[in-house]
Amino acid sequence: MAVPLHIKKAYFTVLSSKIRNIANFATLVAENKLVIMKDTGVALNPNPIVHYLDKPSEDFTREDLIRFIENHGIEMVNFRYGGADGRLKTLNFIIKNKKHLDNILSAGERVDGSSLFPHYVEAGSSDLYVIPRYRTAFVNPFSEIPALDILCSYYDKDGLPFRNSPEYILKKSHEVLKKRTGYSFEVMGELEYYIISELDRLFEAADQRGYHESSPFCKWEKLRLEAMQMIARCGGFIKYSHSEVGNFIEDGLSFEQNEIEFNPVTLEDAADQLLIAKWVLRSLAYRHGVTVTFAPKITTGKAGSGLHVHTRLVKDGKNQMVSNGILSPVARKAIAGYLDLAKSLTAFGNTIPTSYFRLVPHQEAPTNICWGDRNRSVLVRVPLGWNAKNGMVSDANPKEPETDRDFNGKQTVEFRCPDGSADIYLLFAGLTVAARHGLEMKDALEYAEKTYVDVNIFEEKYKNRISQLQQLPDSCSHSADALQEQRAIYEEQEVFSPQVIDGVIHMLKNYNDEHLRENICENEKELLALVNTYLHCG
């Protein structure tokens with residue numbers, strides 16, 4: 001894929017401002033006037049703005065962005081922000097002059113909140129401000145007109161953070177967690193999706209055997225790698241990507257499942273990078289002439305797509321999920337909170353009727369409210385950690401000396417029921433509330449012990465264990481009931497507003513899907529129509 005000229009220029013200008021030709025370059029090096037690798041912690045960062053300014057994105061200022069725009073031929077600024085449907089919204093500005101640019105970046109702009117948040121904003125008082133957050137700036141990888149994009153926050157008529165904005169609710173949930181417990185929250189998502197394309201009979205992958213497949217059996221690896229590069233240049237911190245289990249042919253079309261997994265970062269940044277990642281993947285799919293979908297279920301009997309969320313509590317820069325090489329009491333309390341609020345968390349993480357066609361037994365998707373180690377049949381999973389395994393690298397590489405590095409900081413706890421329909425900001429805010437709830441529960445450790453399982457609970461011989469566990473909702477309607485029942489926990493400390501909780505309940509109830517799964521699960525035609533309705537969820 002050709003790299004747009006303005007992006008190439010963004011990288012080139014870092015050197016070209018000092019170097020006019022190769023001879024000058026050599027002279028500067030010889031005279032020690034040019035530092036080729038300055039140790040600022042940004043040398044390998046793929047974001048061209050970070051490179052040019054030679055500072056991390058959290059230190060960006062308005063003047064920094066103006067300087068970058070002036071020196072890189074940027075002609076347009078795009079404001080970006082999430083709406084109630086979970087998608088990235090856009091407001092475009094063409095730059096007239098420096099004064100105009102400074103005004104855009106300083107004053108923000110007005111938008112119609114009732115159109116963006118129909119359940120949370122009344123049309124009679126709908127004007128909101130969108131104000132750019134400079135640390136989120138990135139060079140648009142798709143725009144033919146050189147453009148700088150910036151994520152924004154919403155503010156009300158009084159210049160205060162908009163109380164019903166999902167992004168503000170997320171920020172407030174984190175502030176309350178830190179104030180009440182002393183812990184900060186780091187999160188990352190596993191973004192699963194299907195690529196739907198015309199059938200290619202060359203090197204066909206086996207049905208439902210696509211996990212970690214390589215090219216040429218994985219047909220859309222190239223698109224996935226392009227997406228990784230673009231997301232990273234836009235500020236995302238990616239762990240890795242791979243093809244997933246789901247791989248099948250239906251009606252002459254190929255369905256190939258892939259996943260991009262992120263690294264744990266600060267709560268607010270984790271939500272931002274997922275919002276951008278979904279936009280990048282959809283834009284790339286459009287460019288390639290294929291469809292990408294994050295829908296939880298697209299047919300029966302095949303793997304659905306989830307949005308598994310990994311979490312960890314941090315204090316003084318240290319991961320608190322492990323203590324003395326084992327899962328800590330802090331982690332167990334957080335798990336208790338996730339499980340206690342699990343039913344109502346589906347209101348933010350499983351928001352469409354087809355969400356509940358994924359949450360069925362024997363599909364590596366949870367249905368029972370329990371947790372376990374390395375167990376994919378549970379709702380909350382503790383993945384394999386790196387305890388006391390420092391000799392693996394030297395064993396695999398005999399010339400490499402043994403290391404005493406501590407990798408316990410990598411340990412996370414995974415919440416497995418959300419899917420691509422999730423409102424990412426509200427889901428992450430809900431998990432933050434749940435973690436705090438667990439830390440403050442009097443019987444959290446006892447509850448965690450009672451809900452721990454170490455078997456595959458879908459096997460027939462363990463059906464008695466299932467009878468001892470609570471189950472997740474089986475419809476949006478039941479999810480709404482659970483949220484109504486537990487809403488006081490979310491509204492405590494004014495984290496979630498009553499209007500937002502009411503709006504979510506209203507949205508879920510309007511699906512009227514209480515018996516939908518049992519009514520159409522065997523009707524392929526009706527199920528396909530339902531899938532198509534929500535193909536582009538989130």
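Let's start with the largest pocket: strand 7 (184-198), strand 8 (238-250), strand 9 (253-262) and strand 12 (307-315) each supply at least two residues of its lining. Keep in mind that what you're looking at is a predicted model.

## The two pockets

Which strand gives the largest share of the lining of the largest pocket? That's strand 8, with 5 residues. The whole lining comes to 49 residues, and if you want to find the centre on screen, look for E190, R376, R381, E414 and R416, which lie nearest to it.

Next up is the second largest pocket, with about 660 Å³ of space. Its lining has 24 residues, and N45, S57, G235, G236 and F237 are the closest to the centre. Here the elements that give two or more residues are helices: helix 8 (221-233) and helix 9 (267-288). Helix 9 has the largest share, 4 residues.

Here are the two pockets side by side.

| Pocket | Volume | Lining | Nonpolar | Polar | Charged |
|---|---|---|---|---|---|
| Largest pocket | about 1100 Å³ | 49 residues | 13 residues | 19 residues | 17 residues |
| Second largest pocket | about 660 Å³ | 24 residues | 13 residues | 7 residues | 4 residues |

## A residue in helix 9

Helix 9 is worth another look, since E268 lies in it. Is E268 buried or exposed? It counts as buried, because its relative accessibility is 17%, and the cut-off for buried is under 20%. E268 also has a partner from far along the chain: A429 is 161 residues away in sequence, yet the two C-alpha atoms are 9.3 Å apart in space.

## Helix 7

Now for helix 7, which runs over residues 166-181. From its first C-alpha to its last, this 16-residue helix reaches 22 Å, close to the 22 Å expected at 1.5 Å a residue. Plenty of residue names turn up on its buried list: P166, E167, Y168, I169, L170, K172, S173, H174, V176, L177 and T181. What follows helix 7? It's G182, and the phi of G182 is positive, near 85°.

## A loop asparagine

Where does N47 sit? You'll find N47 in the loop between helix 2 (22-30) and helix 3 (48-53). N47 is buried, because its relative accessibility is 3%. A polar atom of the N47 side chain lies 2.9 Å from the backbone nitrogen of I49.

## Cysteines without a bond

How many disulfides does a search of the whole structure find? The count is 0. As a reminder, a disulfide is a covalent bond between the sulfur atoms of two cysteines.

Why is C152 not bonded to C234? The sulfur of C234 is the closest cysteine sulfur to that of C152, but at 15 Å it is too far for a bond, as a disulfide needs the two sulfur atoms within 2.5 Å. C152 itself is buried, with a relative accessible area of 3%.

C476 tells a similar story: it is in no disulfide, and the nearest cysteine sulfur, in C537, is 11 Å away. C476 counts as buried too, because its relative accessibility is 0%.

Methods. Residues are numbered from 1 along each chain as its sequence is written. This is a predicted model: local features need pLDDT of at least 70, side-chain atom pairs count only at pLDDT 80 or more; totals for chains, interfaces and linings use all residues. Side-chain values use heavy atoms; hydrogens and water are left out. The expected span of a helix is 1.5 Å times one less than its number of residues. Buried means under 20% relative accessible area, exposed over 50%, partly exposed in between (1.4 Å probe, protein chains only). On a 1 Å grid over the protein atoms alone, a cavity is a set of points where a 1.4 Å probe fits but cannot get out, and a pocket is an open set with protein on both sides within 12 Å along at least five of seven lines; lining residues have an atom within 4 Å of a point. Grid points are joined across faces, edges and corners, and a volume is the space filled by probe spheres set on the points. Ala, Val, Leu, Ile, Met, Phe, Trp, Tyr, Cys and Pro count as nonpolar, Asp, Glu, Lys and Arg as charged, and the others, Gly among them, as polar. A polar contact is a pair of N or O atoms within 3.5 Å; within protein, one must be able to donate a hydrogen and the other to accept it, and residues adjacent in sequence count only if both atoms are side-chain atoms.
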